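Please work through the exercises below with the sequence and the three-dimensional structure open beside the text. Each exercise sets a task and is followed by a solution that goes step by step.

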Amino acid sequence: MRINRRQAIGGLAGIAGITALPRFPFAQSLPLPSSPVALNIIDVAGNLQLTQAAIEKFAKENPALISKVIFSRAPSPELPAKLKAQQTANRVDIDLVLTGPGAMSDGITQGLWIDVWTKYPDLLPKADEIYHEKALMMQKNFGQNEGVAVVYSPSGPLFEYAPDRVKTVPKNAEELLAWVKANPGRFCYARPVNSGPGWTFLMAMPYILGDKNPSDPINGWEKTWAYLKELDQGIDYYPPGTTATMKEFAEGTRDMIVSTFGWDINPRVLGVVPKEAETFALDGTHWVPDTQFMCIPRGVGDDKVAVLLKLMSYMLEPAQQAYTYDKGYFYPGPAVKDVPLNMAPQESQDVIAEFGRPIYEDLIAKYPVEAPLKPQLLVAAFEKWDREVGANKMNK
C-alpha cells in the first residue's frame, strides 16, 4: 500500500502537440481494427500515477484506433480470481492490466495472460535492446513471456530519520540493532506483507547479514530471523502499512523508519513528511527492486490486442518513459535505456531537483540488485514473519 498521490499533470503542455515517429517498426501479423475500440485498463499497482498521461496521449494521437479509454483501480489480490471467472465465462471485459510482480507472477502461474513476447515478437521491441540491465533482469524473472515491464525502481531498503533527533546514524546492521535497543519505541517498520519498505527490508536482510541462502526464507535465513527477533525487542508495534509509519514519523512518534527511494521522495514532495528528513543505507546493502508490468488477459479480442501492442510499444518509447519520473513516486522510473531526467516534464525535473538526493545515483550504482523472492517463497517469508516476529505486535 502507498499513500494517495496527486496525479502528475505538469509538463504536458510542452510536448502534447508533438507526435513522434515510432522508434520500433510494426509488422502486420495482427491486423488493426477497422473502427476505433474502447479500452478498459485496470491498475492494481498504483501505476496510473506514472503512465496515465502517456496512455491518454497515445489515445489522443490515434483516434482511428481508440474511441475512449476507461481507467479503473482494484486491489491486487482480488484481480486473479476476477479474471479467472471472466475467462471461464468467456466474458473478459478487462483489456489491459497494470500490475506489480505479485499479480504478474500469480497470473503467469494461473495462465491468465497472453504470452505477447513469443506470440507477437514482430509487434514489440526487442527486450534485450531496449531495457537497461536491471529492468531486463526483472522482465526475465517476473514478466517472462507475458508481462511487459514499463517502470522500474531499485526501491530499497533505505532508512529514514529525523536529523534533529538522531545524532548518531547507524552505519551497519549491528549499529542499527544497537540504536533500536538503546532507543526503544523510536524505530518501526510496517508489516511486510502490506508494505513496500517492509517487503524490501525483509528480503534484503539475508544479503546484508550474510545468510547461507537468501533465496530460501525457510531454511536459509537463520541469521535474519534471529536478527529480526532481537530487533523486535526495541519495537512497540508494527503498523499495518507504510502510510502509518510515515504519519508517526512526521508527528515525531518515531525517529527512524524503513523507507525506499520513492517513499522518501514522494511523501516529502506532498508534505506528508518534513522536507528535512534524511536517509541512509546500511553497509553491504543489496537493493530489492520493484517493477510494474503491462499484461493482456487471455480472451481479449484480436482487434484490441493489435491496438494494445501498439500502445505497449509506444509506452516503451523514451519520450513516454520520461513521464515515469513523476514526483519521485517510483524513483527513478524509466525501465528502458537512455532516458535521462532532462527528458522528463519540467514539473518532474523541478521536483527531483528540490526533493531528490544527489547521493542516490551513487548508492544505486554502489550496491548490487537482487531479484525479489518468487511469490510462493515470498508468501512463506511473510507467514513466518507474521508468526514468529510480529505475532503479538500487529494490532495495537
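The exercises that follow deal with a pocket, a sheet, aromatic pairs, cysteines and backbone geometry.

The model is predicted, so that local features need pLDDT of at least 70 and side-chain atom pairs count only at pLDDT 80 or more, while totals for chains, interfaces and linings use all residues. Residues are numbered from 1 along each chain as its sequence is written, and side-chain values use heavy atoms, with hydrogens and water left out.

**Exercise 1. Describe the second largest pocket and its lining.**

Step 1 is the definition: on a 1 Å grid over the protein atoms alone, a pocket is an open set of points where a 1.4 Å probe fits, with protein on both sides within 12 Å along at least five of seven lines, and lining residues have an atom within 4 Å of a point. Step 2 is the volume, which is the space filled by probe spheres set on the points, with grid points joined across faces, edges and corners; for the second largest pocket this comes to about 400 Å³. Step 3 is the lining, which consists of 19 residues, with H132, Y152, P332, E361 and I364 nearest the centre of the pocket. The elements that contribute two or more residues to this lining are β4 (148-156) and α16 (359-366), and α16 gives the most, with 3 residues. Helices (H or I, at least four residues) and strands (E, at least two) are here DSSP runs, numbered from the N terminus. Step 4 sorts the lining by class, giving 14 nonpolar, 1 polar and 4 charged residues, where Ala, Val, Leu, Ile, Met, Phe, Trp, Tyr, Cys and Pro count as nonpolar, Asp, Glu, Lys and Arg as charged, and the others, Gly among them, as polar.

**Exercise 2. Work out the strand order of the open sheet of 4 strands, and state why one side of β6 and of β8 is left without a neighbour in the sheet.**

Step 1 fixes the rule that two strands pair if DSSP finds at least two bridges between them. Step 2 gives the order, β6-β7-β5-β8, with mixed pairing. Step 3 turns to the edges: β6 (187-188) and β8 (278-280) each have a single partner strand, and therefore each has one side without a neighbour in the sheet. Step 4 takes one pairing in detail, since β5 (residues 158-161) and β7 (residues 256-259) run in the antiparallel sense over 4 bridges, and L158 has S259 in β7 as its bridge partner.

**Exercise 3. Classify the ring pairs Y161–F280 and W287–Y367.**

Step 1 sets the cut-offs: rings of Phe, Tyr and Trp (its six-membered ring) pair if their centres lie within 6.5 Å, and planes under 30 degrees apart count as stacked, over 60 as edge-to-face and the rest as tilted. By this rule the count is 16 aromatic pairs. Step 2 takes Y161 and F280, whose ring centres are 5.9 Å apart with planes at 55°, so the pair is tilted. This pair links distant parts of the chain, with Y161 in strand β5 and F280 in strand β8, 119 residues apart. Step 3 takes W287 and Y367, whose ring centres are 6.0 Å apart with planes at 75°, so the pair is edge-to-face. Here W287 comes from the loop between β8 and β9 (288-295) and Y367 from the loop between α16 and α17 (375-388), 80 residues apart. Step 4 checks accessibility, where buried means under 20% relative accessible area, exposed over 50%, and partly exposed in between (1.4 Å probe, protein chains only). Both Y161 and F280 are buried, W287 is buried at 0%, and Y367 counts as buried at 11%. Step 5 widens the view to one aromatic cluster, formed by F159, Y161, F187, Y189, F201, Y238, F280 and W385.

**Exercise 4. State how many disulfides the structure holds, and whether C188 and C295 are buried or exposed.**

Step 1 applies the definition of a disulfide as a pair of cysteine sulfur atoms within 2.5 Å, and the structure holds 0 of them. Step 2 gives the accessibility: C188 is buried at 0% relative accessibility, and C295 is likewise buried, with a relative accessible area of 0%.

**Exercise 5. Locate the cis peptide bonds G156–P157 and Y331–P332, and place N90, which has a positive phi.**

Step 1 finds a cis bond between G156 and P157, with omega about 15°, and P157 belongs to the loop between β4 and β5. Step 2 finds a cis bond between Y331 and P332, with omega about -5°; P332 sits in the loop between α14 (318-321) and β10 (333-334). Step 3 places N90, a residue other than glycine with phi near 60°, in the loop between α3 (79-88) and β3 (96-99), where N90 is exposed with a relative accessible area of 68%.
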